[in-house]
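Hi everyone, thanks for making time for this. Please have a look at the structure on the screen, and I'll talk you through it.

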Amino acid sequence: MTDLEKTLSIISKKPIAIIDAKFSLDMFTPIDLSVSNTRLKNYNITSAKGCQDYIDKVLNDSNAKIAFGGYLEHRSLYSNTPSFNSSVDFIRNIHLGLDIWAPTGTSIITPMDGKIHSFKNNAASGDYGPTIILEHCINKIVFYTLYGHLSISSLEQLYVGKEFKKGEILAEMGAPEVNVNYASHLHFQIIKDLQGNIGDYPGVCSKADVEYYSTNCPNPNLLLSLEV
């Protein structure tokens, strides 16, 4: 384990809420959006509707309200997005964050004290849409958390350095037409080194780069402990 991973794993011995508290942990279910999931062949998950149809099916079958998962998942979800497929040797399809699939407008809760590092509407096809990055310092270790696919209103009244305490409402999930045509969800990612990025950071990488990015972007579940 890296120093950051050790720090994340000891922040809390209990699951950390990151969305509206009305959704208790017993309402969560894991979801598999990987290329190895044969159930996906009946759904066009590259469209917001097709993806939502599959999510709804999983939630119904599991008697759940919220679906989550996706860290280091090899996905076909991005196969129709040109920026993810710039060449045969550089196909980005390994997901670097944890997705929480929930209704549009669901509140996103700050999981630990932090301050605004940057924010931006990444509106290009296949991107995050409205995005917030928080900066944290715990045990003298500085790191960042990224929140993507938000509503436009989530970026209002923000400024660099604005502080948020653990448990405060940070943002809300955006609709597909705002979050660049994805089914409504939060992309949550932990980042050690932002590499100079402002309001943005890669959330998907190529197989060739996964060793670097998996170290720079550790598993968000080390912090959240979303186990059901």
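I'll go through the sheet, then the helices on it, then the salt bridges and a few backbone details. Keep in mind throughout that this is a predicted model.

Let's begin with the sheet. It is open, has 8 strands, and the pairing is mixed. If you want to trace the order on your screen, go E1-E2-E5-E12-E9-E8-E7-E10. Which strands stand at the edges? Those are E1, residues 28-30, and E10. Each has a single partner strand, so one side of each is left without a neighbour in the sheet.

Now walk over to strand E8, residues 129-138. Here 7 of the 10 residues are buried, so E8 is largely enclosed by the rest of the structure. On one pairing, E7 and E8 run antiparallel and are joined by 7 bridges. If you'd like a residue to anchor that, Ser-118 has Ile-133 in E8 as its bridge partner. The two strands form a hairpin with 6 residues between them, and in the turn Gly-126 has a positive phi of about 85°.

E8 also pairs with E9, again antiparallel, through 8 bridges. His-136 finds its bridge partner in E9, and that is Phe-143. This hairpin has 2 residues between the strands. The residue to look at in that loop between E8 and E9 is Asn-139. Its phi is positive, about 55°, although Asn-139 is not a glycine. Buried or exposed, then, for Asn-139? With a relative accessibility of 56%, Asn-139 counts as exposed, because the cut-off for that is over 50%.

Gln-157 is another residue with a positive phi, about 65°, and it is not a glycine either. You'll find Gln-157 in the loop between E9 and E10. Gln-157 is exposed too, with a relative accessible area of 71%.

On to the helices. Helix H1, residues 3-10, lies across E8, E9 and E12, and runs at about 70° to E9. Helix H2 packs on the sheet as well, touching E1, E2 and E5, and its direction makes about 115° with that of E1.

I'd like to stay with H2 for a minute. H2 covers residues 48-62. A quick sanity check on its geometry: at 1.5 Å a residue, its 15 residues should span 21 Å, and the end C-alpha atoms are indeed 21 Å apart, which agrees. Which residues of H2 are buried? They are Ala-48, Gly-50, Cys-51, Tyr-54, Ile-55, Val-58 and Leu-59. Those buried residues pack against E1, E2 and E5. Just after the helix, Asn-63 takes a positive phi of about 55°.

H2 also brings us to the salt bridges. The count comes to 6, and I've picked out three pairs to show you.

The first pair I'll show sits within H2. Lys-57 and Asp-61 meet through their side chains at 3.4 Å, N to O. They are 4 residues apart in the helix, about one turn. Lys-57 is partly exposed at 35% relative accessibility, and Asp-61 is partly exposed as well, at 43%.

Next is Arg-75 with Asp-99, a salt bridge at 2.9 Å, N to O. Arg-75 lies in the loop between E2 and E3, while Asp-99 is in strand E5, so the pair ties together parts that are 24 residues apart in sequence. Both Arg-75 and Asp-99 are buried. Asp-99 also links back to the sheet, where Gly-69 stands opposite Asp-99 in E5. E2 and E5 run antiparallel, joined by 3 bridges.

My last pair is Asp-113 and Lys-165, at 4.0 Å, N to O. Asp-113 lies in the loop between E6 and E7 and Lys-165 in the loop between E10 and E11, so this salt bridge ties together parts 52 residues apart in sequence. Asp-113 counts as partly exposed at 41% relative accessibility, and Lys-165 is partly exposed with 48%. Finally, there is a network: salt bridges that share partners join Arg-39, Lys-57 and Asp-61.

That's my tour, and I'm happy to go back to any part of it.

Definitions and conventions
Residues numbered from 1 in each chain as written. Predicted model: local features only at pLDDT ≥ 70, side-chain atom pairs only at ≥ 80, totals over all residues. Heavy atoms only, no water. Buried < 20%, exposed > 50% of the residue type's maximum accessible area, 1.4 Å probe, protein only. Pairing = 2+ DSSP bridges. Contact = heavy atoms within 4.5 Å. Axes fitted to C-alpha atoms, helices over the stretch in contact; angles between N-to-C directions. Expected span 1.5 Å × (residues − 1).
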